[in-house]
Amino acid sequence: MCFVAIAATAQEKADIEVSYAASRVNLRDGSNMTPNQYILLANANESKFYSPMTEYLDSLQSTPEGDAKYKEMTRGAYLGGKLDDMPRRDGTYYIFKNLNGNKMMYYDVNGVEKYRYEEDMPQIDWVLADSTKTILGYDCTMATGEYHGRKWTAWFTPDVPVLNGPWKLSGLPGLILEATDDSGLYSFTATGIQQTSRTMVPMYSADDYEKTDRIDFLKAKRQFTDNPMATINTQLSASGISISGNSNDLKFKSREEVDFIETDY
């Protein structure tokens, strides 16, 4: 019932639209990757955090006609030798927050499979600091807090009374415009903010996402990074498909060397 409620209320209109550069680490070699471009649509009660490019491609593939167009775009770019023009997703996850219901719905992929899980809104014990700085013309105050295994430094502005922020972060008396974990491997930086009346469209093909819980999802992701070739072949076995190749081509660093944005699994 909570899942249905979140899906329904996500159709509300947003009051603000915030663009973020979401930086993350390359789990294969530990380098910094090109940031994903995410958007936060939010009002006082609901929010949606997503990649517009990923949603566009997911919307295409949600219908037979759109999927045919997606395949045509991919085929045209490949045959034309323009590999940079091939449609690619920019980020994988979607997060819907329901502040009134104190619930959050998370959608993501692991290998070739799709998963969703629900969890309570974060209860982060933020500690406010005296430090201030200006971001996008807004006066921001620093706060620190620990969440799911990482310590975060966030900058929020009380001038925007939306108690929300990028990714799963929230709970400060104002909008979070910047957040960085203490390792520097993950960060979110606002690049633009504007008023809006856009509808927070629900997930495309939501039924394709298998229900799980957060810890099981993270453990499954770690299993994939520890042995990606075997995991993919297991996921594809029901379809009678098998992939061969050098497993070293898909090798990731160990958990001790570099880990996910949440480390408490």
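**Exercise 1. Place Ser23 in the fold, and decide from its relative accessibility whether it counts as buried, partly exposed or exposed.**

Solution. Step one is the accessibility: Ser23 has a relative accessibility of 24%, and it therefore counts as partly exposed, given that buried means under 20% and exposed means over 50%. The model examined here and in the exercises that follow is a predicted one.

Step two is the location, and Ser23 belongs to strand S1. Step three turns to the surroundings: once neighbours within four places in sequence are set aside, Ser23 is in contact with Pro35, Leu185, Tyr186 and Ser187. One of these partners, Leu185, is 162 residues from Ser23 along the chain, yet the C-alpha atoms of the two are separated by 7.5 Å.

**Exercise 2. Describe how strand S1 is paired, and explain why it is largely enclosed by the rest of the structure.**

Solution. Begin with burial: S1 covers residues 16–23, and 6 of its 8 residues are buried, so the strand is largely enclosed by the rest of the structure.

Next, take the pairing partners in turn. With strand S2 (residues 36–42), S1 pairs in the antiparallel sense over 7 bridges, and with strand S11 (residues 187–195) it is joined, again antiparallel, by 8 bridges. Ser19 illustrates both pairings, since its bridge partner in S2 is Ile39, while its bridge partner in S11 is Gly192.

Finally, set S1 in the whole sheet, which is open, has mixed pairing and consists of 12 strands in the order S7-S8-S9-S10-S11-S1-S2-S3-S4-S5-S6-S12. Its edges are formed by strand S7 (127–135) and strand S12 (210–211), each of which pairs on one side only.

**Exercise 3. Test whether the length of helix H3 agrees with its residue count, and work out which of its residues are buried and which are exposed.**

Solution. First, the length: helix H3 runs over residues 64–79, and at 1.5 Å a residue its 16 residues should span 22 Å, which agrees with the 22 Å between its end C-alpha atoms.

Second, the burial: Gly66, Asp67, Tyr70, Thr74 and Ala77 are the buried residues of H3. Viewed down the axis of H3, these buried residues fall within an arc of 105°, and so they line one face of the helix. The general background is that an α-helix has 3.6 residues a turn, so residues three or four places apart point the same way. On the other side of H3, the exposed residues are Pro64, Glu65, Lys71, Glu72, Arg75 and Leu79.

Third, the packing: the buried residues of H3 pack against helix H2 (52–60). In H2, the buried residues are Thr54, Glu55, Leu57, Asp58 and Leu60, and what covers them includes strand S3 (46–50), H3 and S4. After H3 comes Gly81, which has a positive phi, near 70°.

**Exercise 4. Locate Asn102 and Leu136, two residues that have a positive phi although neither is a glycine.**

Solution. Consider Asn102, whose phi is about 60°. Asn102 sits in the loop between S4 and S5, and with a relative accessible area of 32% it is partly exposed. The strands on either side of this loop, S4 (residues 94–98) and S5, run antiparallel and are joined by 5 bridges, with Tyr94 standing opposite Tyr107 in S5.

Consider then Leu136, whose phi is about 55°. Leu136 lies in the loop between S7 and strand S8 (138–147), and at 39% relative accessibility it counts as partly exposed.

**Exercise 5. State the volume of the largest pocket, and find which helices and strands supply at least two residues of its lining.**

Solution. The volume of the largest pocket is about 1,400 Å³. Its lining is made up of 44 residues, and those nearest its centre are Gly91, Thr92, Asp108, Val109 and Lys221. The elements that each supply at least two lining residues are S1, S2, H2, strand S5 (103–110), strand S6 (113–120) and helix H4 (214–226).

**Exercise 6. Summarise the protein chain by its helices and strands, its burial and its contacts.**

Solution. The chain contains 5 helices and 12 strands. Of its 265 residues, 45% count as buried. Among the contacts between residues at least 6 apart in sequence, 58% join residues at least 24 apart.

Methods
Residues numbered from 1 in each chain as written. Predicted model: local features only at pLDDT ≥ 70, side-chain atom pairs only at ≥ 80, totals over all residues. Heavy atoms only, no water. Helix = DSSP H or I, 4+ residues; strand = E, 2+ residues; numbered from the N terminus. Expected span 1.5 Å × (residues − 1). Buried < 20%, exposed > 50% of the residue type's maximum accessible area, 1.4 Å probe, protein only. Arc of directions from axis to C-beta. Contact = heavy atoms within 4.5 Å. Pairing = 2+ DSSP bridges. 1 Å grid on protein atoms, 1.4 Å probe; cavity = no way out; pocket = protein on both sides within 12 Å on 5 of 7 lines; lining within 4 Å. Points joined across faces, edges and corners; volume = space filled by probe spheres on them.
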